[in-house]
Structure formats: C-alpha cells, structure tokens
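Open the model in your viewer and keep the selection tool at hand. The tour below goes from one stop to the next, saying what to select and what is there.

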Amino acid sequence: MKFFIDTANLKEIKEASDMGILDGVTTNPSLMAKEGIKGNDAVIKTYIDICEVVQGPVSAEVISTDFDGIVREGEHLASLHEHIVVKVPMIKEGIKAIKYLNGKGIKTNCTLVFSPGQAILAAKAGATYVSPFMGRLDDINYDGVELVEQIVYIYDNYGYTTEVLAASVRSPLHIIRVAEAGADVVTAPFSALVKLFDHPLTDKGLAQFLSDYKKVQEAEKSST
Ligand code: E4P
C-alpha cells in the first residue's frame with residue numbers, strides 16, 4: 001500500500017519524505033486555507049514546491065464545477081509539474097472532465113466519493129485514483145472502512161485499473177483497516193502517519209536494551 005500525506009504543510013511533507021516512507025501528497029482547498037496560503041499565485045507556488053520535495057503524485061484540486069472550467073483548470077495544473085494529479089469532484093461535469101483529461105493523458109483523482117456507485121462511475125470514466133472519504137462517513141454513523149472494502153471488491157471483479165485511495169483518514173487504525181481491505185493507497189494526516197511508530201513495548205524494550213548495554217560497558221571499564 002502506498003502512503004500519501006494529506007496536507008499542504010511543506011515542513012510535514014519534508015519530514016515524512018525524510019523518513020523514506022512517502023509515496024505522494026494529497027491537498028485540497030481546505031488544507032491550503034489551513035496553512036494560511038493566500039491567493040492563486042501562492043497556491044500554484046505551493047503545488048510546485050510540494051512537487052519538488054516529493055518524488056511521486058501530488059493531487060491538486062480544481063475549484064470549477066462545470067466541464068469547461070474543470071478541463072481548463074486541470075490542463076493548467078497538469079502543466080505545472082509532471083507529478084501533478086488533477087483532483088476533480090464526484091459530480092456529472094467532473095466525471096465528463098475525468099474522461100476527457102484521461103484521454104489527454106492527464107492523471108486524475110476523483111474526490112468526494114461516498115458510495116460504491118460513485119466509485120464505479122469514477123472507474124468507468126478512467127480516473128487514475130478514486131478517493132472514498134472514510135472519516136466523513138464515520139462522522140455520520142456510516143462505516144467508512146466498509147466503503148473501501150466494497151470498492152476494492154467491485155474493482156477486483158472487473159479488473160478496473162483505477163487505484164483505490166482511502167482518504168479522510170482520522171487515525172492510525174484507519175490506515176491498518178484499509179491495508180487489510182486492500183486499498184492501493186492511503187492518504188493520511190501527518191499526525192496519524194507518525195502514530196504508526198508507537199508501541200509501549202517498543203519503548204520499554206529499547207530502554208531495557210540501552211540500560212543493559214550500559215552495564216556491559218561499565219563491566220568492561222571495571223575489568224580494565
Ligand atoms: C484527500 O484527498 C481529502 O481531501 C482529505 O482526505 C479529506 O479529509 P477530511 O475529511 O479530514 O477533510
């Protein structure tokens with residue numbers, strides 16, 4: 001399973017990239033706003049900066065909702081850097097635009113997907129990625145992981161090549177559950193990614209090994 005980080009924060013992206021476990025980045029307008037990025041030029045600069053840090057796909061979201069606007073924006077975003085994947089909302093005009101952009105060799109990520117039916121449409125249109133939003137479903141008492149399982153099952157039935165990109169991750173457990181479900185990619189906030197490192201027995205075991213090795217060194221000193 002590939003690991004993408006779900007942020008527009010360059011410091012977090014660099015840190016995750018330095019860990020050697022980062023395969024790509026997803027962003028959205030809310031994540032841009034959260035970083036205090038102001039104006040279109042600053043957004044474009046952020047995309048380019050991210051693309052230069054990460055050796056992998058970087059999802060950049062369109063804000064148009066009509067076919068012509070989505071295509072215009074998508075072609076512009078794709079021209080910024082070879083790593084750019086155009087993120088398009090799951091609406092009729094979006095599906096038409098995904099089909100068109102796919103035909104032009106431009107990679108797309110169909111976002112705001114909340115049902116298996118929407119995921120089938122994204123695959124039929126030739127989206128490179130489909131993004132089921134797990135956390136937002138959990139928030140309204142639907143099972144987000146179950147949606148990922150359904151999409152993986154359906155895509156396997158028909159050999160669809162669209163990659164299942166589990167999004168709207170809230171916790172490290174979400175990451176593990178979608179890995180079990182067979183998601184191709186998970187995009188997670190930095191906070192959830194780094195929690196995968198944590199285990200109290202690792203901390204306890206390491207402290208014990210280091211303290212025992214100190215005893216070995218002290219024993220050597222006292223014997224010389
Ligand atoms: C990523 O592609 C999505 O935009 C993101 O995961 C949404 O996450 P949220 O539900 O935490 O806003």
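The first stop is a pocket. The model is a predicted one. Find the second largest pocket: by class, its lining has 7 nonpolar, 2 polar and 2 charged residues. To display the lining, select P29, M32, N40, V43, I44, Y47, E61, I63, E73, H76 and L77. The space inside the second largest pocket is about 250 Å³.

Next, colour the helices around this pocket. At least two lining residues come from each of α2, α3 (40-53) and α4 (67-80). Which helix supplies the largest share of the lining? It is α3, with 4 residues.

Keep α3 and α4 selected and hide the rest. Their axes lie 10 Å apart, and the helices pack at an angle of about 45°. An angle is oblique when it is not under 35 degrees, not over 145 and not within 65 to 115, so α3 and α4 are oblique to each other. Show side chains for the contact: α3 brings I44, Y47 and I48, and α4 brings H76, L77 and L80. Of the residues in this contact, 5 are nonpolar, 1 is polar and none is charged. Four names recur here from the pocket: I44, Y47, H76 and L77 belong to its lining and also to the contact between the two helices.

Now select the strands. They form a closed barrel of 8 strands in the order β1-β2-β3-β4-β5-β6-β7-β8, with parallel pairing. From one strand to the next, the twist averages 30°. For a detail of the barrel, pick β7 (residues 163-166) and β8 (residues 185-188), which run parallel and are joined by 2 bridges. Within this pair, L165 has V185 of β8 as its bridge partner.

Add helix α5 (residues 92-103), which packs on the sheet and touches β4 (84-89) and β5 (108-113). The direction of α5 makes about 155° with that of β4.

The last stop is the largest pocket, which holds about 370 Å³ of space. Its lining has 24 residues; select D6, N28, L31, R170 and P189 to mark those that lie nearest the centre. Two elements, α2 (29-34) and α10 (190-195), give two or more residues to this lining. Which of the elements gives the most? That is α2, with 3 residues. Colour the lining by class to see 7 nonpolar, 10 polar and 7 charged residues. Helix α2 can stay selected at the end, since α2 contributes to the lining of the largest pocket and to that of the second largest.

Key:
Residues are numbered from 1 along each chain as its sequence is written. This is a predicted model: local features need pLDDT of at least 70, side-chain atom pairs count only at pLDDT 80 or more; totals for chains, interfaces and linings use all residues. Side-chain values use heavy atoms; hydrogens and water are left out. On a 1 Å grid over the protein atoms alone, a cavity is a set of points where a 1.4 Å probe fits but cannot get out, and a pocket is an open set with protein on both sides within 12 Å along at least five of seven lines; lining residues have an atom within 4 Å of a point. Grid points are joined across faces, edges and corners, and a volume is the space filled by probe spheres set on the points. Ala, Val, Leu, Ile, Met, Phe, Trp, Tyr, Cys and Pro count as nonpolar, Asp, Glu, Lys and Arg as charged, and the others, Gly among them, as polar. Two strands pair if DSSP finds at least two bridges between them. Axes are lines fitted to C-alpha atoms, for helices over the stretch in contact, and angles run from 0 to 180 degrees between N-to-C directions. Contact means heavy atoms within 4.5 Å.
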